[in-house]
Amino acid sequence: MPEGKVTMGNLCDKMFEAAKSSFGDKFACVKHYLKPESEKLAITLRMIIEARAKGEISKEEAAILLNQQKIASTAVLAAAEGMSAVAAQAGLDAAANVVKTFVNSKIGFPLL
Amino acid sequence: MRRKIVPKSRYMPFLGCVLLAFVLAGCGGIRIISDYDETTDKSLTAIQEQTDAFISALVKSSGTEDAAFEKNKAFYDRIDQQLRQLEFRVNSIPRNEQTIALVKKIRTVILGEGKCSGEGTSLRDLHCMSQNESKGPSATSLEICRRNINQTISAALSLELAKKQGLEKNK
């Protein structure tokens, strides 16, 4: 978990930091996706808080919108996890292609 | 003449490499995630477009009887049907767990479980709750709801497009 107080101003950075620590070494391949999505989540959360403070939405509406945002956040993380699996799959496929080319060229016919 | 005996330890790594080569390059290779699916991509895009258009129309009619839940029930029925078709599709693709989970989340944010209260999670819950049932949700809550829905659908679409890019890299 990121340290320090979470404020409206640093909310996006804190969310991004939290994602970074939980993704560990897989973070590099999902960074480009997670950064703008964390910003979007932070903006939406701010909109809910401000709308509730101004009385533009009721307590029940705010509860639904927050529940909905939790689902949106987990969707972003699930997509990021899927993307790291795509990167791993691309690595495996690339390795397989190298082996295939090598074996076929040595044997002289397309065995693989 | 004495035959030279090659110790097992000398040829085992080579044998291991050959076996690994066959596993890596063998029929179909190792799959940890499904390939890109164009039908899933198109269905997700269609659901996003329809939901977005519906919310725009609801924002315009918010506060009037045209925005009443009963008058707009047809949209929820249509999306329910489209989501069921998409769920059937993604469930039939092997190694597609991430996309299956994402489609489930899309259902949760658009339709939910019909709780129609603060415990709800969806656009429908926001629309069918007692305070909004007759004249629709406010424009502000609809705009926030639209952002949540778009971000959830966009997550599923981004994953599908990442699969497509990953596939094209290794062609």
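How many of the 112 residues of chain A count as buried, as a percentage? Keep that in mind while you open the viewer, and remember that you're looking at a predicted model.

**Stop 1: chain A on its own**

Hide everything except chain A. The answer to the opening question is 33% of its 112 residues. Now switch to a cartoon view: you should find 3 helices and 0 strands, and walking along the sequence gives the pattern α-α-α.

Turn the chain around to get a feel for its dimensions. The C-alpha trace spans about 75 × 30 × 15 Å along its principal axes. Chain A has a radius of gyration of 22 Å, while a compact globule of 112 residues would have one near 13 Å. If you like contacts, take those in chain A with a separation of 6 or more: 52% of them come from residues 24 or more positions apart.

**Stop 2: helix H2 of chain B**

Next, select residues 38–61 of chain B, which make up helix H2. Try a little check with the distance tool on its end C-alpha atoms: they are 35 Å apart. Does that fit or clash with what 24 residues at 1.5 Å a residue should span? The expected span is 34 Å, so the two agree.

Show the side chains of Thr40(B), Ser43(B), Leu44(B), Ile47(B), Thr51(B), Ile55(B) and Leu58(B), and you have the buried residues of this helix. Just after H2(B) comes Gly63(B), with a positive phi of about 90°.

**Stop 3: two loops in chain B**

Stay in chain B and click on Arg95(B), in the loop between helix H3 (73–91) and helix H4 (97–110). Its phi is near 55°, a positive value in a residue other than glycine. Is Arg95(B) buried or partly exposed? Arg95(B) has 13 C-beta neighbours inside 10 Å, so it counts as partly exposed.

Then jump to Cys116(B), in the loop between H4 and helix H5 (123–128) of chain B. Cys116(B) isn't a glycine either, yet it has a positive phi of about 50°. Here 21 other C-beta atoms lie within 10 Å, and because the cut-off for buried is 20 or more, Cys116(B) is buried.

**Stop 4: where the chains meet**

Bring chain A back and look at both chains together. The contact takes 41 residues from chain B and 44 residues from chain A. On the chain B side, the elements giving two or more residues are helix H1 (8–25), H4, H5 and helix H6 (139–169). Colour H6(B) to see the largest share of that side, 16 residues. By type, the chain B residues touching chain A divide into 18 nonpolar, 18 polar and 5 charged.

Definitions and conventions:
Residues numbered from 1 in each chain as written. Chains lettered and ligands numbered in written order. Predicted model: local features only at pLDDT ≥ 70, side-chain atom pairs only at ≥ 80, totals over all residues. Helix = DSSP H or I, 4+ residues; strand = E, 2+ residues; numbered from the N terminus. Rg over C-alpha atoms; globule rule 2.2 N^0.38 Å. Buried ≥ 20, exposed ≤ 12 C-beta atoms within 10 Å, placed from the backbone. Contact = placed C-beta atoms within 7 Å. Expected span 1.5 Å × (residues − 1). Nonpolar A, V, L, I, M, F, W, Y, C, P; charged D, E, K, R; others polar.
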